Structures are given as C-alpha cells and as structure tokens.
Amino acid sequence: LGIVAELADYAAVMYAGRIVEYADIKSIFKNPTHPYTRGLLASIPYIGIKNQKLKEIPGMVPKITELPAGCKFKDRCPYAKDECNNEPLLTDRGNGHYVRCCVY
C-alpha cells in the first residue's frame with residue numbers, strides 16, 4: 001500500500017474480483033469508505049512501535065467458485081444487514097470517490 005500511495009494518483013480496492021472502492025490516493029488513505037478498505041488500512045503496522053497488535057479482518061475470504069449472493073464482503077463485514085443480500089452498485093459518493101456498499 002505504501003508503494004501505491006507514492007506511485008499512483010488513483011487506486012481501486014478489490015475484494016473477491018470486484019472493485020469495492022475507487023478514489024484518488026488521498027481520499028483512499030484519509031477517508032476510506034468501504035469496510036474492507038478500512039480493515040486493510042487498519043492492519044498496516046507502524047514502524048518503530050514494538051509489540052503492536054495488528055488488527056485483522058474477521059472471517060475468511062470466500063472461494064471464488066463459492067461466492068455468496070449479494071455483497072461478497074457481507075459475511076466478514078461488521079455493518080452487514082439484510083440489504084446486503086442484494087449486490088450493491090458502485091456508487092459515486094462525490095468527487096469521484098466510488099464505493100460498492102449498501103451502508104452508503
């Protein structure tokens with residue numbers, strides 16, 4: 001992620017073969033929207049901090065041949081609700097920041 005931040009102007013975060021968030025690099029790092037993007041960024045270790053406990057995203061990535069209906073992240077998402085049983089659209093939240101999530 002550090003290399004992406006230095007080299008790219010925009011980034012697409014993917015989960016189970018689908019873009020779940022797309023935005024300029026500053027927005028991805030300063031204002032992550034999708035729960036998977038938030039989980040990824042929260043799991044980054046900080047240099048110089050000893051014995052830090054890294055955060056993890058609960059659950060397992062589904063097999064690509066056995067993807068759940070609806071949102072592919074719903075089984076691991078802390079915000080999952082009934083609406084997540086339908087596939088969310090990639091929606092522009094403004095300023096070209098797109099997210100595929102029923103919460104937004």
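**Note on the predicted model: sheet, packing and loops**

1. Four strands make up an open sheet, arranged in the order 1-2-4-3 with antiparallel pairing. At its edges lie strand 1 and strand 3, each of which pairs on one side only. From one strand to the next, the twist averages 25°. It should be kept in mind throughout that this is a predicted model.

2. The pairing of strand 1 with strand 2 can be described in further detail. These two strands run antiparallel to each other and are joined over six bridges. Within this pair, Ala-11 stands opposite Ala-23 of strand 2. Helix 3, residues 35-42, packs on the sheet and touches both strand 1 and strand 2. The direction of helix 3 makes about 105° with that of strand 1. As a general matter, the strands of a sheet pair through backbone hydrogen bonds, in either a parallel or an antiparallel manner.

3. The sheet may now be placed in the chain as a whole. The protein chain has three helices and four strands. Read from the N terminus, the elements follow the order α-β-β-α-α-β-β. Among contacts between residues at least 6 apart in sequence, 35% join residues that are at least 24 apart.

4. Two loops deserve attention for their backbone angles. Ala-16 is not a glycine, yet has a positive phi of about 55°. Ala-16 is located in the loop between strand 1 (10-15) and strand 2 (18-24). Asn-95, likewise not a glycine, has a positive phi of about 60°. The loop that holds Asn-95 lies between strand 3 (90-92) and strand 4 (98-100).

5. Are these two loop residues buried or exposed? Ala-16 has a relative accessible area of 15% and therefore counts as buried, the cut-off being under 20%. Asn-95 has a relative accessibility of 82%, so Asn-95 counts as exposed, for which the cut-off is over 50%.

6. Overall dimensions and surface are as follows. The C-alpha trace of the protein chain spans about 40 × 35 × 25 Å along its principal axes. The chain has 104 residues, of which 32% count as buried. About 7200 Å² of the protein chain is exposed, and carbon and sulfur atoms supply 54% of that area.

7. A final point concerns charge. The protein chain carries 14 positive and 11 negative charges. The mean positions of these two sets are 5 Å apart.

Methods
Residues numbered from 1 in each chain as written. Predicted model: local features only at pLDDT ≥ 70, side-chain atom pairs only at ≥ 80, totals over all residues. Heavy atoms only, no water. Buried < 20%, exposed > 50% of the residue type's maximum accessible area, 1.4 Å probe, protein only. Contact = heavy atoms within 4.5 Å. Areas by Shrake-Rupley, 256 points an atom, 1.4 Å probe, with all protein chains shown as cover. Lys, Arg positive; Asp, Glu negative; His and termini not counted. Charge placed at Lys NZ, Arg CZ, Asp CG, Glu CD. Pairing = 2+ DSSP bridges. Axes fitted to C-alpha atoms, helices over the stretch in contact; angles between N-to-C directions.
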